[in-house]
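Student: I would like to learn how to read a protein model feature by feature, beginning with a single residue and then moving on to larger patterns. Could you guide me through one?

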Amino acid sequence: MTSPESPLPSPSPCPPPPSSLPSSPTPSSPTPSSSLPHPPSLPPTGEVMVLALGRKKQRMLIGLSILPNLFLAFLLSSDSLLTLTSPHHCRLPGPLPAVLNASLPWEKGDRVGDSGGLSQCKQFINGTQSGVENCEAGWDYNVTEGLRINIVTEWDLVCGQYWLVPVEEVSFILGVLTGCLGLGFAADRLGRLKTLLTSLTLSVVFGVLVCVSTAPPFFIVMRFCLAAASAGVYLTLYITRLELCDPSLRLLVTMVAGLTTVAGELLLLGFALGYQSWRGLLGTGAAPLSLFLTYGIPGVFPESPRWLLLSERSADLNSFSERRDRGRDDESFTELDSELSPSTRPHLSFPELVHSRNIWKNICVLGFTSFISHGISHCYSSFRGDVRGTAPSFYWTYLLSVCAGGGAWLLLWATVNRCGRRGILLLAMTMTGLASLILLGLMECKLAFKVESLVTTPIFGLVN
């Protein structure tokens with residue numbers, strides 16, 4: 001069967017294009033890259049600016065920022081030596097101890113189970129037991145530990161004048177707080193180097209004024225100012241040290257700085273045994289700080305590169321590219337040639353910082369932990385008794401406290417990078433709370449045991 005013929009004619013082939021029509025254009029080659037605008041260069045980062053110093057210069061600056069901690073320990077950790085109160089009694093005529101029992105009344109102890117002892121603040125009137133009076137001729141001190149001459153023994157800050165001792169301790173703590181707030185704010189506004197030099201100058205000046213103090217009120221005021229200036233030096237060096245480090249070196253450098261402070265505290269005790277005077281001890285801490293004023297000489301200790309970057313000091317950034325121009329030809333340092341426009345520079349005001357939920361939460365957590373840790377450390381630094389109710393050796397408690405601090409730095413260095421910051425912080429706070437509760441529990445058990453022994457002893461005596 002044949003298919004029917006299609007009624008439509010077969011299509012004719014397409015005619016070729018006329019020769020007059022232009023052929024399709026060929027793709028042109030891309031324009032050379034030189035005619036295109038350069039992509040915007042990245043802004044210089046803090047790490048790049050630190051690397052521009054060179055590894056050798058970076059390590060030298062870190063070492064210079066750690067060295068003052070050795071002498072700052074003399075000024076920030078000497079309060080326990082300055083205010084240590086030794087056993088004392090009224091100054092009496094005649095040979096001792098022949099006149100002690102005849103001239104001093106017997107006083108009961110303030111705590112349960114304390115049998116008491118000879119009075120430290122009272123004496124019999126005219127050597128008779130008809131009445132008692134306050135010490136009129138001063139006090140004699142039995143100094144066996146610490147400084148032979150401190151502010152307590154020199155100005156007789158005992159008995160009715162003892163209230164000046166806690167006033168001095170509180171004013172010292174308030175001075176540290178004032179220095180951290182005031183000079184820490186100045187370090188952000190004026191620069192690390194300017195604040196460091198200012199704090200060092202004030203530390204030397206107030207250190208000399210403290211050493212020449214002739215009365216407790218003047219000493220307390222100057223001690224407050226010295227604590228503020230010393231705290232400014234410590235805080236500024238701490239911030240500068242971190243800004244000079246790579247992120248991988250910050251823990252190690254912070255640990256070395258902490259151990260340097262521990263070494264200064266141990267050295268403080270050695271100088272206390274040698275000088276035996278609080279004026280020489282504080283002078284030994286304040287005088288070497290004047291040597292660090294040489295950091296202000298151009299080229300010795302430059303401004304923090306990270307602060308220059310964040311504070312829009314573009315004119316000062318050229319000093320960090322001079323080293324690259326002299327001897328280092330690395331492509332990574334080409335970032336230093338770029339300059340941030342004012343609109344792209346990071347700027348964070350205090351209201352924005354407060355309204356940032358994550359930052360504000362971290363500030364509250366870290367601030368609370370710092371408040372607790374520093375409060376407990378100051379509370380137990382002046383602890384004068386142990387669980388047996390007797391006064392422990394000052395040297396033993398001082399060395400135990402300092403060595404425990406050094407062990408804590410080594411423990412942090414070994415665990416923080418492995419276990420994380422949060423875990424170690426939680427562990428340290430938990431151990432602090434448990435240690436405080438155990439100590440309070442031991443003190444309560446000791447008190448209850450003494451009360452029970454006082455009640456049961458007469459009963460056993462009657463039975464026998």
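**Reading the model step by step**

Tutor: D156 is partly exposed, because its relative accessible area is 21% and the partly exposed class lies between under 20% for buried and over 50% for exposed. Keep in mind throughout that this is a predicted model.

Student: Where in the chain is D156 found, and what is the value of its phi?

Tutor: D156 is found in the loop between α6 and α7, and its phi is near 55°, which is a positive value in a residue other than glycine. C159 lies in the loop between α6 and α7 as well, and C159 has a positive phi of about 55° although it is not a glycine. With a relative accessibility of 26%, C159 counts as partly exposed.

Student: How should I read a salt bridge, and how many salt bridges does the structure hold?

Tutor: The general idea is that side chains of opposite charge can pair when their charged atoms come close. In this model there are 5 salt bridges. One of them joins E154 and R279, whose closest N and O atoms are 2.6 Å apart. E154 lies in helix α6 while R279 lies in helix α11 (residues 278-286), so this pair ties together parts that are 125 residues apart in sequence.

Student: Are E154 and R279 buried or exposed?

Tutor: Each falls in the class between those two words: E154 counts as partly exposed at 30% relative accessibility, and R279 counts as partly exposed at 25%.

Student: Which residues form a salt bridge with R192?

Tutor: One partner is D188, with the closest N and O atoms 2.7 Å apart, and another is E243, with the closest N and O atoms 2.6 Å apart. The pair of R192 and E243 links distant parts of the chain, since R192 is in helix α8 (residues 192-211) and E243 is in helix α9, 51 residues apart. Both R192 and E243 are buried. R192 has a relative accessibility of 7%, whereas D188 counts as partly exposed at 47%.

Student: Which residues are joined into one network by salt bridges that share partners?

Tutor: Those residues are D79, E168 and R223, which shared partners join into one network. E168 will appear again when we look at the lining of the largest cavity.

Student: Let us turn to that, then: how many cavities of 30 Å³ or more does a search of the whole structure find?

Tutor: The search of the whole structure finds 1 cavity of 30 Å³ or more, and the largest cavity holds about 30 Å³ of space. A useful next step is to ask which residues line the space. Here the lining consists of I151, W155, L157, L164, E168, P216, F219 and I220. The elements that give two or more residues to this lining are α6 (151-155), α7 (164-189) and α9 (216-243).

Student: Which element gives the most to the lining of the largest cavity, and what classes of residue does the lining have?

Tutor: Helix α9 gives the most, with 3 residues. Sorted by class, the lining has 7 nonpolar, no polar and 1 charged residues.

Student: What can I read from two residues that are far apart along the chain, such as G146 and T83?

Tutor: You can set the separation along the chain beside the separation in space. G146 and T83 are 63 residues apart along the chain, and their C-alpha atoms are separated by 9.8 Å. G146 is found in the loop between β6 (139-141) and α6, and G146 is buried, with a relative accessible area of 4%.

A second case is I372 and G433, which are 61 residues apart along the chain and have C-alpha atoms separated by 9.5 Å. I372 lies in helix α15 (residues 357-381) and counts as partly exposed at 25% relative accessibility.

Student: Finally, which residues make a nonpolar surface patch?

Tutor: L434, L437, I438, L440 and L442 make a nonpolar surface patch of about 500 Å². Take L440 as one member to examine: L440 is in helix α17 (residues 421-463), and with a relative accessible area of 49% L440 is partly exposed.

Definitions and conventions
Residues numbered from 1 in each chain as written. Predicted model: local features only at pLDDT ≥ 70, side-chain atom pairs only at ≥ 80, totals over all residues. Heavy atoms only, no water. Patch = residues over 30% accessible without salt bridge, like charges linked within 9 Å, V, L, I, M, F, W, Y side chains within 5 Å. Areas by Shrake-Rupley, 256 points an atom, 1.4 Å probe, with all protein chains shown as cover. Salt bridge = Lys/Arg side-chain N within 4 Å of Asp/Glu carboxyl O. Helix = DSSP H or I, 4+ residues; strand = E, 2+ residues; numbered from the N terminus. Buried < 20%, exposed > 50% of the residue type's maximum accessible area, 1.4 Å probe, protein only. 1 Å grid on protein atoms, 1.4 Å probe; cavity = no way out; pocket = protein on both sides within 12 Å on 5 of 7 lines; lining within 4 Å. Points joined across faces, edges and corners; volume = space filled by probe spheres on them. Nonpolar A, V, L, I, M, F, W, Y, C, P; charged D, E, K, R; others polar.
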